[in-house]
Amino acid sequence: MAAAHINLPLPVLPEGWSAPNDFKAIGTLSTPNQRNLEPVGPHFLAHARRKRHKRTFSEDERIQANENVKKVEDDDGDTISEPEDPLMLGRDAKDWKGQDHYAVLGLSKYRYRATDSQIKRAHRKKVLRHHPDKRAATGSSEDDSFFKCIQKAFEILTDPVKRRQYDSVDEGANVDPPSKKAASKSPSAFYKLWGPVFESEARFSKTQPAPMLGNDKSSKEEVEEFYNFWFNFESWRSFEYQDEDVPDDNENRDQKRHVERKNNNARKKKKTEDTARLRQLVDDCLAGDERIKKFRKEARAGKDKKKLEREAEEKRVQEEAKKAKEEKERLLKEKEEVEKAEKAEGKKAKEAAKNAAKKNKRVLKGSVKDANYLLPEGQEAGAKRIDEILGDVEAVIGKVDNEDLASLAGKLGGLKLADEVAQVWREEVKKLEGEGKLKAGDVRILGS
């Protein structure tokens with residue numbers, strides 16, 4: 001298209017304009033001073049650099065860009081630098097779901113732990129190295145396929161939802177459980193090999209932080225808390241990243257619903273399989289955990305100790321009950337023997353008292369007989385006299401106890417004279433009458 005030229009005249013000055021004649025100075029200039037000026041700033045430095053090295057603008061910009069890339073690589077080399085796999089560089093950008101996004105950005109050792117700052121720095125470094133313009137400037141024949149992989153990885157990892165979906169299926173962050181032989185080589189090998197496994201699995205826990213395996217110094221409460229947590233593990237893990245692409249055209253809605261159902265069923269199946277896998281992993285760890293064996297042994301020892309203490313206590317109680325029973329039987333036997341002895345002594349005393357009473361009665365009866373039944377000497381007592389005297393004696397004997405009977409017998413013992421015997425009997429009769437044991441007239445001969 002040809003350029004059009006338009007001629008526009010200058011505007012005409014208004015009438016009465018007299019600026020040069022009406023100009024009035026209101027001040028004067030100061031005395032001039034001589035000063036040395038030095039050119040500074042990035043633009044002067046760039047100009048000086050080009051003059052010194054005799055470069056054109058384009059040459060200088062290319063060289064400076066290479067130096068900036070090198071500087072970025074040097075700054076990030078200690079944290080996010082790792083060798084690039086030639087196979088990865090030749091990946092097809094269309095197969096972006098199959099690529100390792102962290103490896104593409106050089107963050108394989110960080111993965112789900114990589115921060116947003118590290119992802120941005122890694123992306124900048126990769127872009128500076130693999131940008132198509134940069135490749136073209138260096139004369140490289142590499143296409144922009146890997147650059148598209150970099151951009152896709154950055155897109156996935158900077159979107160929280162997409163990154164979570166990718167982390168859910170990122171097998172590069174998984175740690176394989178050790179074999180039984182490897183974990184049992186030494187006491188420390190078990191914790192050294194199994195610890196990273198649970199640290200890796202903990203990234204899927206809804207509850208953070210998740211309890212870790214610990215070591216051989218962990219308490220029973222800590223170990224029980226660990227296994228209770230992992231046996232009831234609640235995972236946020238999902239598998240949307242592995243879904244089959246749903247067609248977004250509006251013409252085939254049945255196919256779209258079919259693919260969505262298929263994806264949902266596949267997620268449920270993978271979720272179930274992952275839950276079973278984790279449960280088996282925890283079972284394997286539990287089976288080789290020496291702490292569980294130690295705690296069970298201590299529990300059995302404590303249980304056996306309590307059982308022995310309980311049996312010892314039961315034995316002690318039984319022995320005490322046996323001793324108490326034996327002591328009771330001994331005391332009862334002693335009491336029976338004492339009662340038997342007392343009974344025998346009482347019987348003997350009673351028999352002796354009975355014999356003594358019989359003897360005393362014979363003495364009393366014999367006293368009146370020896371005194372000729374209280375008749376004068378030479379006078380013979382008739383049957384009637386004898387019956388009356390003996391009747392009085394029986395009446396007195398019936399009113400006195402054994403003690404008085406013995407006393408009375410003692411008084412009459414050895415007396416032969418009728419008057420003396422009669423006097424003793426009269427006194428005894430009066431005594432009994434005074435005590436109310438005999439009435440006047442009950443005893444006719446002995447009381448007169």
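**Exercise 1. Aromatic pairs**

Task: Determine how many aromatic pairs the whole structure contains, and characterise the pair formed by Phe190 and Tyr191.

Solution. Step 1: The structure is a predicted model, and a search of the whole of it finds 15 aromatic pairs. Step 2: Phe190 and Tyr191 form one such pair, with 5.3 Å from centre to centre and 90° between the planes. Step 3: An angle over 60 degrees counts as edge-to-face, and the pair of Phe190 and Tyr191 is accordingly edge-to-face. Step 4: Phe190 has a relative accessibility of 6% and counts as buried; Tyr191, at 13%, counts as buried as well.

**Exercise 2. A pair between two loops**

Task: Establish which parts of the chain are tied together by Phe204 and Trp236.

Solution. Step 1: The rings of Phe204 and Trp236 form an edge-to-face pair, 5.5 Å centre to centre with 65° between the planes. Step 2: Phe204 belongs to the loop between α11 and α12, and Trp236 to the loop between α12 and α13, so the pair ties together parts 32 residues apart in sequence. Step 3: Both Phe204 and Trp236 are buried.

**Exercise 3. An aromatic cluster**

Task: Identify residues that form one aromatic cluster with Phe190 and Tyr191.

Solution. Step 1: Among the members of this cluster are Trp194 and Phe198. Step 2: The cluster also takes in Phe226, Tyr227, Phe229, Trp230, Phe231 and Phe233.

**Exercise 4. Salt bridges**

Task: State how many salt bridges are counted, and examine the partners of Asp60.

Solution. Step 1: The count comes to 24 salt bridges. Step 2: Asp60 forms a salt bridge with Arg49, their closest N and O atoms being 2.8 Å apart. Step 3: Asp60 lies in helix α3 (residues 57–80) and Arg49 in helix α2 (residues 42–53), so this pair ties together parts that are 11 residues apart in sequence. Step 4: Asp60 is buried, with a relative accessible area of 4%, whereas Arg49 is partly exposed at 25%. Step 5: Asp60 also forms a salt bridge with Arg55, where the closest N and O atoms are 3.0 Å apart.

Task: Locate the two partners of the salt bridge between Lys97 and Asp245.

Solution. Step 1: The closest N and O atoms of Lys97 and Asp245 are 3.4 Å apart. Step 2: The pair links distant parts of the chain, 148 residues apart: Lys97 is in the loop between α4 (86–89) and α5 (101–104), and Asp245 in the loop between α12 (220–231) and α13 (253–288). Step 3: Lys97 is partly exposed, with a relative accessible area of 30%, while Asp245 is exposed, at 59%. Step 4: Elsewhere, Glu201, Arg237, Asp274 and Arg277 are joined into one network by salt bridges that share partners.

**Exercise 5. The largest pocket**

Task: Describe the volume and lining of the largest pocket.

Solution. Step 1: The volume of the largest pocket is about 420 Å³. Step 2: It is lined by 20 residues, of which Ala183, Phe190, Gly288, Asp289 and Glu290 are the closest to its centre. Step 3: Elements giving two or more residues to the lining are α10 (180–183), α11 (187–201), α13 and α14 (290–370). Step 4: By class, the lining divides into eight nonpolar, four polar and eight charged residues.

**Exercise 6. Cysteines and disulfides**

Task: Give the number of disulfides, and decide whether Cys149 is buried or exposed.

Solution. Step 1: The structure holds zero disulfides. Step 2: The relative accessible area of Cys149 is 1%; buried means under 20%, so Cys149 is buried. Step 3: Cys285 is likewise buried, at 0%.

Definitions and conventions:
Residues numbered from 1 in each chain as written. Predicted model: local features only at pLDDT ≥ 70, side-chain atom pairs only at ≥ 80, totals over all residues. Heavy atoms only, no water. Disulfide = S-S within 2.5 Å. Buried < 20%, exposed > 50% of the residue type's maximum accessible area, 1.4 Å probe, protein only. Salt bridge = Lys/Arg side-chain N within 4 Å of Asp/Glu carboxyl O. Helix = DSSP H or I, 4+ residues; strand = E, 2+ residues; numbered from the N terminus. 1 Å grid on protein atoms, 1.4 Å probe; cavity = no way out; pocket = protein on both sides within 12 Å on 5 of 7 lines; lining within 4 Å. Points joined across faces, edges and corners; volume = space filled by probe spheres on them. Nonpolar A, V, L, I, M, F, W, Y, C, P; charged D, E, K, R; others polar. Phe/Tyr/Trp six-rings, centres within 6.5 Å; stacked < 30°, edge-to-face > 60°.
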